[in-house]
Amino acid sequence: MSELNYVGRRLPKVDARDKVTGRAVYINDLKRPGMLHGKILYSAHPHAIVKSIDVSRARALPGVRAVLTGQDIPEMPIGFLQDNRPLKKDRVRTCRDEIAAVAAVDQETAAEALELIRVEYEPLPAVFTPEEALAEGAPLIHEYDAKGKPITSNKLKLPWKLICGDVEEGRGRSRHVAQGTYRTTWINHCCLGTSGVIAEFDLDRNLTMYSITQIPYLAQNDYLAALKAMGLGRSRVRVVCQTIGGGFGSKLDTHCYEFIAILLAQATGKPVKIQFNREEEFLAQATRQPVVMEVSQGCDHNGRLAFRDVHMLLDNGGYTSWGATTPSVMMVPISSLYRVPNVRYVADCVYTNNLYAQAMRGYGNPQATFGIESNLDQLALEAGIDPVEFRLINANQGGDVTPQRFVVKTCGLPECIEKVRDGLGWPEHRKAREEGRNRDGHKVRGQGVASLIHVGGGARVYRSDGHGMIMKLDDFGQLKVFTGAVEIGQGNETVLRQVAAEAVGLCIEDVQVVSHDTDICPWDVGTHASRAAFISGNAAIQCAAELRRKIFELAAAQLEVGPDDLDLRQGMVVVARGAEAEGQRLAVTEKGESIPLSKVLRRGHFSPQGRMIIAETFYDPPNEMLDKEFKGNLSCSWAFGASGVEVEVDLQTGQVRILKYLAAHDVGRALNPMLLEGQIYGGSMMGVGMALSEEVKLERGRPVNGNFLDYKLLTAKDRVPITPIIVETDDPAGPYGAKGVGEPGCVPSAPAIANAIFDAVGVRISELPITPERVLRALREKKEDYCRIARPAC
Amino acid sequence: MKRTIEFELNGQLVSAEVGGGQTLLELLRQRFELTGVKEGCGAGECGACTVIVDGRALTACIYPAMEAEGRSVTTIEGLATAEGALHPLQSAFVEHGAVQCGFCTPGNVLSAKALLDQNPDPSEDEIRTALEGNLCRCTGYQQIIEAVKAAAGRKP
Ligand code: FES
Ligand code: FES
């Protein structure tokens, strides 16, 4: 490969200056002329009949412009299974159920109006675990599906079942088997910028959504459907994204509040803003999908995995967002993390009266990997094999086709594991442990490792995994790159700019990325699945080729050389050595053998029948949708990684301190190592939070810790010493060899930590988060067991 | 009960009519349109609304506007020069990848500034303590700490 000017450089984010000076405009900061403020009334009960709603006093409050209830709006089903509606009508199923909404001249008036609404409920029996919801005689959360067909069970009719090979055969020939049950809980995305939207109609009833969505074009679709239901079938929708104060998957669905804003805007004829506060964010922003999983795995006498069997129960909450589809991605590690010939995975989603869940960084992969990798350490122990050695024996290799038919072209997993092992000082620690030198008073050190596989080359979860791009050159040689991707802080605009400058052959200062507006930018399926850099990067390379072809065609005519004799480097059109330049030869030779692109462009523009240079492309990666059996090459490259952790467990307090955290990632190629490290740091930290402290605590379905005092986000003071290790495997499918990297950081954190705790103190914590109380309880139980069995007298 | 107060805001003397229950955050965002002061929780728990009052970093969302009377208030808008030259801390945040979504950034920069103004050569522990109240969901803090170290004239 010729020398690269921008790819691989640690360039700062293009939006960083605006953000560091406070100039960036978030939805929280945006006002529109005449704008009203919307507020939502949520249910007082987790499950109840709404007998009556009296909004008369709210409507009469000065400053109130509209009050809507479920009775006032048309049927407009929303959500993955269309089992939800923006305002509920005669029944509430969760504490976050939206039952009325107000638009008023300011926030205070809107809030006051909510207080004046009188709702009469008739509480119904409620269920708060999947097990309860499946028990005989449990109340039905939904009685009819979206098509009006009666529902007879709280179990959702979703087909999550993957069978590869023969699990029973594998079990039969296993020398060692480990089995366990693992639980994860509700986690809030905790975007520092709370959710918000402004809905605004023009006089022709066309809708503009000032939004923070990660899926502008799919959202556009959803809004169009809503408008149709509202009798506005001819209206257009424009989605304009603001600076986004954190994504992490929370903006992959269209949410009730967005539709409520649309309804209020229509009712009032004014722009309506709904802006969540933090309490609302904890209540009404769907969470990470909680799961209970039973995992068993077995291996032969050489330590080779023979089977993996996973049964999972998902608490779906009262309605269905993307959480119910996370099993599709959980399949990735379940079928394909390590070489395992026989796999079975069955997942059931169950309605309860809890909060519902959606996408969150890793899309179920962190939950599934917690089960698999915790269990794998148990199996290694059974088999008497060193856990790192055990992983290396079973590691995926480049050239593998996995049981789910994933085609692994490049695989840095063995290297990641080795680097983590070396960085931890694994052998030295084993030795110290054997000799009891890992203990200092009541503090004991332990080490643990866990690996990951994730989609690294897009993910065909919809029929299209495509990305449209337009490149437009102006008279001055400045390039605008129009992309449908969304900047959620990850740095996509910066990396795309690097790739575009590189691929076209321009100085990076002459390249600007234009995004966040569906009227201007071409279609993209969404900023999810760690796909933005991969897909938009490949789109840029494809689009750049077309742009260069057009440039060379134009320049060749001007310079009277063949287009193939030309190159574009750093904004200069260069005539290849040896090419005979006739005619315009003077202009060329004057400057040596090159001419500024801007000159070529102006000449092309200001000549009879002039032309300007624009190129467009639609890049859809060569990956496959999963077939009916959930098999197929979902992603055209696969990301791998391993985390290695050293912890110190305090036997008296149960506190777990992280002394070392190595995060090795096979990223294909680092397009911008600084931003890449940012993804690894941030992802790992999110994984550590999931492991140790984060949980939305629900009491009868209602969050009781919906604030940052009680919901423990890690702080700078927690000092998790993360060391990113970048492993480059140069994937042939990736832009300049790169794979996706946005999500993987958080995937292996929890099991690596759980494994390290086990290594330190011999207790297996299989429920997240691993709080000091849980550690202490496990230590106590272990001691009691020990006393009961070994020393009945103690 | 309304009252007119005077205070220094980003180096300029200003006056404003404030109500009893009004917070400094509301005053700055609404009356002065200084939207670089962010609201992340409204309860003093996230640090997004951090401003510097008389040299001390504090959370404007729980600070009564009336208290600003006669004091000197610095917001993120007061750091860069009018010509756009960034404060060394701001440059360091940009150069070290300390900014992702950016919502926590103004608060983190200002907490760091209050620290460095008092203690130009802080240890990593002192930096971490000073930034403890500024939550960041994106970065895992490491690059923020590096930026502050760099701005303090120390090599990370
Ligand atoms: S908004 Fe003031 S501390 Fe969170
Ligand atoms: S950069 Fe997003 S919260 Fe800190």
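**Exercise 1. Find how the side chains of Glu694(A) and Arg137(B) meet, then describe the contact between chain A and chain B.**

Step 1. Start from the pair. The side chains of Glu694(A) and Arg137(B) form a salt bridge, with 2.7 Å from N to O. The model is predicted, so this distance is a computed one. The cut-off for a salt bridge is 4 Å between the side-chain nitrogen and the carboxyl oxygen.

Step 2. Count the polar links. Between chain A and chain B there are six salt bridges. Residue pairs in polar contact number 24, with both residues at pLDDT 80 or more.

Step 3. Assign elements. On the side of chain A that touches chain B, α1 (16-20) and α18 (673-692) each supply at least two residues. The largest share of that side comes from α18(A), with eight residues.

Step 4. Size the contact. Chain A gives 48 residues and chain B gives 47 residues. About 3800 Å² is buried between the two chains, and carbon and sulfur atoms give 58% of that area. Within chain A, the residues that lose the most area to chain B are Val20(A), Leu192(A) and Ala716(A). Together they make up 19% of what that side buries.

**Exercise 2. Place Thr326(A), decide whether Thr326(A) is buried or exposed, and list its partners.**

Step 1. Locate the residue. Thr326(A) sits in the loop between β14 (305-317) and α9 (327-336) of chain A.

Step 2. Apply the cut-off. Buried means under 20% relative accessible area. Thr326(A) has 1%, so this residue is buried.

Step 3. Look for a polar partner. A polar atom of the Thr326(A) side chain lies 2.7 Å from the backbone oxygen of Gly323(A).

Step 4. Set aside neighbours within four places in sequence. Thr326(A) is then in contact with Gln289(A), Leu314(A), Tyr363(A) and Gly364(A).

**Exercise 3. Classify the aromatic pair of Phe80(A) and Trp322(A), and say which parts of chain A the pair ties together.**

Step 1. Take the total. Over all chains, the whole structure holds 13 aromatic pairs.

Step 2. Read the geometry. The ring centres of Phe80(A) and Trp322(A) are 5.4 Å apart and the planes stand at 45 degrees, so the pair is tilted.

Step 3. Map the pair onto the chain. Phe80(A) lies in the loop between β3 (64-69) and β4 (91-92). Trp322(A) lies in the loop between β14 and α9. The pair therefore ties together parts that are 242 residues apart in sequence.

Step 4. Check exposure. Phe80(A) is partly exposed at 33% relative accessible area, whereas Trp322(A) is buried at 16%.

Step 5. Extend to the cluster. Phe80(A), Trp322(A) and Tyr462(A) form one aromatic cluster.

**Exercise 4. Repeat the analysis for Trp523(A) and Phe618(A).**

Step 1. Geometry. The centres are 6.2 Å apart, with 45 degrees between the planes, and the pair is tilted.

Step 2. Position. Trp523(A) lies in the loop between β20 (511-514) and α15 (532-559) of chain A. Phe618(A) is in strand β24 (residues 614-619) of chain A, so the pair ties together parts that are 95 residues apart in sequence.

Step 3. Exposure. Trp523(A) is partly exposed at 31% relative accessibility. Phe618(A) is partly exposed too, at 44%.

**Exercise 5. Which charged residues sit over the rings of Tyr319(A) and Phe32(B)?**

Step 1. Chain A. Lys88(A) lies over the face of Tyr319(A), 5.2 Å from the ring centre.

Step 2. Chain B. Arg31(B) has its charged end over the ring of Phe32(B), 4.6 Å from the centre.

Note on methods:
Residues numbered from 1 in each chain as written. Chains lettered and ligands numbered in written order. Predicted model: local features only at pLDDT ≥ 70, side-chain atom pairs only at ≥ 80, totals over all residues. Heavy atoms only, no water. Helix = DSSP H or I, 4+ residues; strand = E, 2+ residues; numbered from the N terminus. Buried < 20%, exposed > 50% of the residue type's maximum accessible area, 1.4 Å probe, protein only. Polar contact = N/O pair within 3.5 Å; in protein donor to acceptor, adjacent residues only side chain to side chain. Contact = heavy atoms within 4.5 Å. Phe/Tyr/Trp six-rings, centres within 6.5 Å; stacked < 30°, edge-to-face > 60°. Lys NZ or Arg CZ within 6 Å of the ring centre and 35° of its normal. Buried area = accessible area lost by both parts, 1.4 Å probe.
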